[in-house]
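User: Hi! Could you walk me through this protein? I'm new to reading structures.

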Amino acid sequence: MPSERCLSIQEMLTGQRLCHSESHNDSVLAALNQQRSDGILCDITLIAEEQKFHAHKAVLAACSDYFRAMFSLCMVESGADEVNLHGVTSLGLKQALEFAYTGQILLEPGVIQDVLAAGSHLQLLELLNLCSHYLIQELNSFNYLDLYRLADLFNLTLLEKAVIDFLVKHLSELLKSRPEEVLTLPYCLLQEVLKSDRLTSLSEEQIWQVLDVSREGKEEVFYGPTLPFASNGIAACFLPAPYFTCPNLQTLQVPHHRIGTI
């Protein structure tokens with residue numbers, strides 16, 4: 001009886017499959033973070049407020065356009081063992097590095113401004129995105145103006161939009177409970193709020209109350225005997241270009257309405 005031929009591994013298997021490890025990415029990043037903590041196999045030391053932090057250039061460059069440019073272009077820092085970072089606090093840098101190596105960060109009132117400054121300076125966009133979501137969850141009628149200023153300072157578009165949406169929803173009640181604050185809001189913020197199609201809770205008297213204060217010294221505000229109205233019934237006094245690019249124009253002719261500058 002003839003002996004059976006032994007099949008090779010290649011002959012026994014029939015196809016190819018892409019196999020994926022659920023833990024590999026996390027384990028590699030965890031190992032790099034442990035190296036950072038132990039100060040081994042690191043190739044760069046970052047210094048902020050005289051405090052030193054060990055790191056890997058490859059990890060930093062993968063997270064940040066700022067570091068990618070620093071280490072890959074012909075800059076002085078590309079070959080340096082230590083880099084002094086100005087405009088970043090040691091607390092902010094510590095938190096930023098923690099995020100870069102773990103993908104998570106514990107945000108709280110005592111650290112948020114340092115983290116924002118570090119994230120903005122180092123161009124850690126995903127970190128700024130997490131900060132925005134944290135601040136949006138904290139948004140309320142007492143801090144909305146401060147959060148808007150943070151959004152403007154650090155160019156946090158998600159947070160800025162959230163503040164605008166908050167005011168669109170709550171402007172009427174804020175006018176009743178905190179009128180002095182509302183009437184001194186930044187003009188650009190009021191502009192975005194008042195032109196929203198979702199702003200339906202304000203009476204005509206309240207609209208004029210806001211406009212009478214906000215229009216002072218603002219050439220961008222146009223009004224006249226008859227105001228054009230947006231689809232929500234709110235006076236469309238904030239006109240798109242080219243209307244508010246003509247500060248010397250005394251009157252503007254639009255269909256069915258004659259309006260003028262202040």
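Analyst: Happy to help; here is a short tour by topic. This is a predicted model, where local features need pLDDT of at least 70 and side-chain atom pairs count only at pLDDT 80 or more, while totals for chains, interfaces and linings use all residues. Residues are numbered from 1 along each chain as its sequence is written, and side-chain values use heavy atoms, with hydrogens and water left out.

User: Cool. How many helices and strands does the protein chain have?

Analyst: The protein chain has twelve helices and six strands. Helices (H or I, at least four residues) and strands (E, at least two) are DSSP runs, numbered from the N terminus.

User: And what share of the residues is buried?

Analyst: Of the 262 residues in the protein chain, 40% count as buried. Buried means under 20% relative accessible area, exposed is over 50%, and partly exposed is in between (1.4 Å probe, protein chains only).

User: Let's zoom in. Is strand 1 mostly covered or exposed?

Analyst: Strand 1, residues 44-48, is mostly covered, with five of its five residues buried. One side holds I44, L46 and A48, the other T45 and I47, and both faces are covered.

User: Which strands does strand 1 pair with?

Analyst: Strand 2 (residues 51-55) pairs with strand 1 in the antiparallel sense over five bridges, and T45 has H54 as its bridge partner there. Strand 3 (residues 82-84) runs parallel to strand 1, joined by three bridges, with V83 as the partner of L46. Two strands pair if DSSP finds at least two bridges between them.

User: What happens at E49 in the hairpin?

Analyst: Strands 1 and 2 have two residues between them in that hairpin, and E49 takes a positive phi near 50 degrees.

User: New topic: how many residues are in the largest nonpolar core?

Analyst: That core has 60 residues, and L46 and L116 are among those with the most contacts inside it. Its largest share, ten residues, comes from helix 9 (residues 157-177). A nonpolar core is a set of buried Ala, Val, Leu, Ile, Met, Phe, Trp, Tyr and Cys residues joined through side-chain atoms within 4.5 Å. In soluble globular proteins, nonpolar side chains tend to be buried together.

User: What does L116 touch?

Analyst: Leaving out residues up to four places away in sequence, L116 touches L128, C131, L135, L150, F154 and L156. A contact means heavy atoms within 4.5 Å.

User: Last one: is M12 in helix 1 buried or partly exposed?

Analyst: M12, in helix 1 (residues 9-12), is partly exposed, with a relative accessible area of 47%.
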